[in-house]
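Welcome, and please have your viewer ready with side chains switched on. We will go from one selection to the next and look at what is there.

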Amino acid sequence: MLHELRTYTALPGAIPDVLKANEEVGRKVRGDDYGVLEGYWYTEMGPLNQVMHLWRFDSFEERARLRGELGKVEGWTKEYVPRLRPLLTAQSTRFLINTKGITAPETEGNFYEFRNYRVKPGAAKLWMDAFLEVMPTREKHSRNVGAWITEGPNPNEVCHIWAYKSLQERAETRDGVAQEDAWKAFVEKGRRYLEEMHSTMLMPASFSPLR
């Protein structure tokens, strides 16, 4: 299984128009026939004026085939793309290998935190193995939504997503986790593999499967 995380940077103030284009046209035309949408968010803290959307495919080969078919759909090429493209200033993508499956929050009305870490060359699996080992301790405080190792374009990266009801809940969760001996040991072990750490707060779109 392959996940693709696409990040689009929009013109300042254009995020509502991007979301509207997807709600009114993009989702209706594409549905889940050309890759399954797992989540669609817009940034609230961190890099601004961005949307991030996560897609699931069986393989790179299936992704290539489905995107080729999507490029033949007139509603996509003649209605959605011309409407979206003038709103965007940049696009990037990550190909992700999921390491534990996606777990949706039990209730809706969440915001999401996307954390991506650049690790030393060859260290992604070492860090992820340690992370998954300590996951039962971490999930005593809040459940993980998903965790991945990037396949490209930057192979030396790990990513994980969490859901919270509020910034206060997030702060309390992180404070609680920080007191756990197993987590302290993981942090001490894991930091040797890390080079950069980034965090982005995301709000789900109305049509996002993960809300």
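Start by selecting Glu 113, which is buried, with a relative accessible area of 0%; here buried means under 20% relative accessible area, exposed over 50% and partly exposed in between, using a 1.4 Å probe and protein chains only. Before going further, note that this is a predicted model, in which local features need pLDDT of at least 70 and side-chain atom pairs count only at pLDDT 80 or more, while totals for chains, interfaces and linings use all residues. Residues are numbered from 1 along each chain as its sequence is written, and side-chain values use heavy atoms, leaving out hydrogens and water.

**Salt bridges**

Keep Glu 113 on screen and add Arg 115: their side chains meet in a salt bridge, 2.7 Å from N to O. The term stands for a side-chain nitrogen of Lys or Arg within 4 Å of a carboxyl oxygen of Asp or Glu. Arg 115 is buried as well, with a relative accessible area of 10%. How many salt bridges does this rule give? The count comes to 18.

Next, select Arg 118 and Glu 195, a salt bridge whose closest N and O atoms are 2.6 Å apart. This pair links distant parts of the chain, with Arg 118 in strand β5 and Glu 195 in strand β8 (residues 194–204), 77 residues apart. Helices (H or I, at least four residues) and strands (E, at least two) are DSSP runs, numbered from the N terminus. Arg 118 is partly exposed at 29% relative accessible area, and Glu 195 is partly exposed at 38%. Add Lys 120 and Glu 196 to the selection, and you have one network of Arg 118, Lys 120, Glu 195 and Glu 196, joined by salt bridges that share partners.

Now move to Glu 24 and Arg 83, another salt bridge, with the closest N and O atoms 2.8 Å apart. Glu 24 belongs to helix α1 (residues 15–30) and Arg 83 to helix α3 (residues 74–84), so the pair ties together parts that are 59 residues apart in sequence. Glu 24 is partly exposed, at 36% relative accessible area, and Arg 83 is partly exposed too, at 32%.

**Aromatic pairs**

Colour the rings of Phe, Tyr and Trp (for Trp, the six-membered ring): they pair if their centres lie within 6.5 Å, and planes under 30 degrees apart count as stacked, over 60 as edge-to-face and the rest as tilted. By this rule there are eleven aromatic pairs. In one of them, Phe 111 and Tyr 164 have ring centres 6.0 Å apart and planes at 40°, so the pair is tilted. Phe 111 sits in strand β5 (residues 111–119) and Tyr 164 in strand β7 (residues 157–164), 53 residues apart. Are these two buried or exposed? Both Phe 111 and Tyr 164 are buried.

Now select Phe 131 and Trp 162. Their ring centres are 6.4 Å apart and their planes at 85°, so this pair is edge-to-face. Phe 131 lies in helix α4 (residues 124–138) and Trp 162 in strand β7, so the pair ties together parts that are 31 residues apart in sequence. Both Phe 131 and Trp 162 are buried. Widen the selection to Tyr 117, Trp 127, Phe 131, Trp 162, Trp 183 and Phe 186, and you see a cluster linked by ring pairs.

Stay on Trp 162 and show Arg 138, which lies over the face of Trp 162 at 3.8 Å from the ring centre. A charge sits over a ring if NZ of Lys or CZ of Arg is within 6 Å of the ring centre and within 35 degrees of the ring normal. Arg 30 likewise lies over the face of Trp 55, at 3.6 Å from the ring centre.

**Helix α2**

Select residues 60–70, helix α2, whose buried residues are Glu 62, Arg 63, Leu 66 and Leu 70. They cover an arc of only 100° around the axis (taken from the directions from the helix axis to the C-beta atoms), which puts them on the same side of α2. Glu 61 and Ala 64 are exposed on the other side of α2.

**Two cores**

Finish with the largest nonpolar core, where Val 18, Tyr 40, Val 51 and Tyr 80 touch the most other members among its 25 residues. Such a core is a set of buried Ala, Val, Leu, Ile, Met, Phe, Trp, Tyr and Cys residues joined through side-chain atoms within 4.5 Å. Helix α1 gives the most to this core, with five residues. A second, separate core of 22 residues includes Phe 111, Phe 131, Tyr 164 and Met 201.
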